[in-house]
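These are my notes from a session spent looking up secondary structure, packing and chain contacts. I kept the entries in the order in which I looked.

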Amino acid sequence: MRVLLIEDDLRLQETLSTHLRDAGYAVDVSTDGIEGLYLGEEFPIDLAIIDLGLPELPGLEVIRKLRNRGRDFPILVLTARSEWQDKVAGLEAGADDYVTKPFHMEELMARINALMRRAGGHAKPIVNLGPFTIDLTGQRVFRDGQEIELTTYEYKVLNYLVMHPDEVVTKTALSEHIYEEDADRDSNVIEVFIGRLRRKLDPGGELNMIETLRGRGYRLALVLAA
Amino acid sequence: MRSFSLRSRLVLVSTLVLVIALGLVGFALNAANYRGAVSSLQARMESYVYLVLAAMEVDADGRLQVEEEFSDPRLVQPGSGFYIYIEGKDKDGEPGRWRSPSSLGLQWPVLAAQNPGQMTFTEPHDGDPGFALHYGVGWQLPDGQIVPFTVSVMVNKEEILQQTSAFRLGLWRSLGVATVILVLSQVLIFFFGFRPLRKVASDVARVESGQAERLQGDYPRELEPLARNVNRLLETEKSNQDRIRNALDSLAHSLKTPLAVIQAGLPLHGGDAESSMQNAVDEMSRLIATRLERAGTSTRRTLAQPVPVREQLQRILDSLQKVYSHKMIQTNVTMDEKLVFYGEKRDLLELMGNLLDNAFKYGKSRVHVSGESLDPDALRPGLQLRIEDDGPGIDESQWELLLQRGSRGDEQVEGHGLGLAIVMELVKAYGGNLSIAHSELGGAEILIRLPST
């Protein structure tokens, strides 16, 4: 999942992006509103964290413009302004949640997770998928109660597919949402991850949970039970 | 000791001045009248001298004879108050005397002998019965010798006192009436003259109580500079207050980002230091939220337009529905659409935001909000808000602690704590109160009452 972080305080930006990357997100960062807006419009962002007090273009304006231009990914406002009139203004501008500085890192991560889940149509952090149970908060996968060990990138691919059920997901989309802009991408790697995922999740190959649609992409085949 | 009001000072002083001035005028008029009466009396007495001189005969030996046929009855009637005496000496030095019939029975007075042609007028002094005019006459006898006579006209002082006292009575009476009229009209003048001052005073009171932002009104030219300067003072004060508030505000906000950096960096270090530093950061955040950010809040209700409560409530509910969308909370609002809050909009949003945030956070599926006006007949009615949820509720043992926390800044941020602490600070600033109870829905019920002003 790809997160856009617009925060003008470099120290906070750095610490936050470290945490986000550790948690398995691809992170794009910007220190001002105009560049942030550009990234939000042009890149396949899954969630944005926007500080309200931004140079060049205020955070509220960035949010409004993103919404006006049809970007509907979840937006989390991050600001020092803790008054409700500011919170309401942020949410009315189109943000989905609000975290005030200073914040507990676990709290922020929980909010980001919740927003991601909701955007994927999952109200609860536990997703049941046939015999599989995916704990979106703990980033763990179980088959009939037995935990399956996945690498970070394998989990990222699975997570993205779970968040986009009943959609055909292209290899390009997968790599865009898993890697950051400046990473060295190779769509063949995606095929490798998909192959490994299939082997780990379904060694017998009887479920055929990840369909390959030749020339188009992949689709999660099992019906989700929220 | 309370000093006299301006009006009573002015009335008192001007009355005093008026009485003194009119008194002096009275004395002067009285004296002038007396002098006039005296000089007209003197003229009359002179005319009596000539009357008597015309009726007087002196024979060749210098003996005096007076033809007593006066047309003026006052010279004839005894005790009339008008008396004429003539005293002189004949050729041989024998005294010769004559007195008007009116002086019959009276003791012969001491006459001051006058040289011929000399006239002396004397006013009565202590003990003197009246005015006297003495005129010296030298009568030339046929042989050329001159014999001296003194004609004295004497008039009782009652003659003039009657006249002048009647005048004096009339004078003082009319001066008294004039004084009363003038004093009354002064009181009236001051009453109307000071009306703009009273209006300024009541306008300043309105500003003080927050019903007006500045002195507005039609003041007389003399008061305009005062009103202008008071307004300027108010503006300066307001801009100072704004400046302080903004400074505190921006201080609060600029402290938060570095704090966020510290807090975000803590998990990266780990270890024992983390939790104690975490506590310190939490405490600082709490202090900023409950103290610093509220420090600039004015405790006075400014003359903001009354804020429609229902509309702002809806904004909060919409916002919270978004944040807690996964909980599918059902809200139920009981409130008059026309309910208004007399205070700052941001305070209302803050009150409702914090309380409803807790309700959405802890509630399972239902949140009830009800609001009503307190003391609706007051100029600026108060507001009562009740917020309930169907969550686990707040344990009674915690109530006291939570209510106290509002006034303490050293507690850990947790649960209802911080939001409620902010609400407590605000409720206190508005002079209201907050109470915790069990809701019929099964969860917590928070009731805030902000009094009317």
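**Entry 1: a parallel pair in chain A.** I was working with a predicted model, and I began with strand β4 (residues 75-79) of chain A, which runs parallel to strand β5 (residues 97-100) of chain A and is joined to it by four bridges. I then looked up the connection and found that the chain passes from β4(A) through helix α4 (residues 84-93) of chain A to β5(A), in a β-α-β crossover that is right-handed. For the register I noted that Leu76(A) stands opposite Asp97(A) in β5(A).

**Entry 2: chain A as a whole.** I counted eight helices and 12 strands in chain A, and of its 226 residues 43% count as buried. Looking at contacts in chain A with a separation of 6 or more, I found that residues 24 or more positions apart account for 55% of them.

**Entry 3: a helix pair in chain A.** At what angle do helix α6 (residues 152-163) of chain A and helix α8 (residues 187-201) of chain A pack? I found about 90°, with the axes 9 Å apart; since angles of 65 to 115 degrees count as roughly perpendicular, α6(A) and α8(A) are therefore roughly perpendicular to each other. On the α6(A) side the contact is made by Tyr153(A), Glu154(A), Val157(A) and Leu158(A), and on the α8(A) side by Phe193(A), Ile194(A), Arg196(A) and Leu197(A). I sorted the residues of this contact into six nonpolar, no polar and two charged.

**Entry 4: an open sheet in chain B.** Turning to chain B, I traced an open sheet of five strands in the order β9-β11-β12-β14-β13, with mixed pairing. Which strands stand at the edges? They are β9 (330-335) and β13 (433-438) of chain B, each of which has a single partner strand, so one side of each is left without a neighbour in the sheet. Direction ignored, neighbouring strands of this sheet are turned by 15° against each other on average.

Within the sheet I looked up strand β11 (residues 366-374) of chain B and strand β12 (residues 382-389) of chain B, which pair in the antiparallel sense over eight bridges, and in this pair Val367(B) stands opposite Asp389(B) in β12(B). Helix α6 (residues 309-323) of chain B packs on the sheet, where it touches β9, β11 and β12 of chain B and has a direction that makes about 170° with that of β9(B). Helix α7 (residues 345-362) of chain B also packs on the sheet, touching β11, β12 and β14 (444-450) of chain B, and its direction makes about 15° with that of β12(B).

**Entry 5: where the chains meet.** I found 27 residues of chain B in contact with 26 residues of chain A. On the chain B side, the elements that give two or more residues are α4 (224-269), α5 (272-295), α6 and α7 of chain B, and α4(B) gives the most, with 10 residues. That side divides into 10 nonpolar, 10 polar and seven charged residues.

**Entry 6: one proline.** I ended with Pro451(B), which lies in the segment after β14 of chain B. Is Pro451(B) buried or partly exposed? Pro451(B) counts as partly exposed because it has 16 C-beta neighbours inside 10 Å, whereas a buried residue would need 20 or more. Leaving aside neighbours within four places in sequence, I found Pro451(B) in contact with Leu374(B), Gly382(B), Gly431(B) and Gly432(B). The C-alpha atoms of Pro451(B) and Arg380(B) are separated by 9.1 Å, although these residues are 71 residues apart along the chain.

Notes. Residues are numbered from 1 along each chain as its sequence is written. Chains are lettered from A and ligands numbered from 1 in the order in which they are written. This is a predicted model: local features need pLDDT of at least 70, side-chain atom pairs count only at pLDDT 80 or more; totals for chains, interfaces and linings use all residues. Axes are lines fitted to C-alpha atoms, for helices over the stretch in contact, and angles run from 0 to 180 degrees between N-to-C directions. Angles under 35 degrees count as roughly parallel, over 145 as roughly antiparallel, 65 to 115 as roughly perpendicular and the rest as oblique. Two residues are in contact if their C-beta atoms, placed from the backbone, lie within 7 Å. Ala, Val, Leu, Ile, Met, Phe, Trp, Tyr, Cys and Pro count as nonpolar, Asp, Glu, Lys and Arg as charged, and the others, Gly among them, as polar. Two strands pair if DSSP finds at least two bridges between them. A crossover is right-handed if, with the strands pointing away from the viewer, the path from the first strand over the helix to the second runs clockwise. A residue is buried if 20 or more other C-beta atoms lie within 10 Å of its own, exposed if 12 or fewer, and partly exposed in between; C-beta atoms are placed from the backbone.
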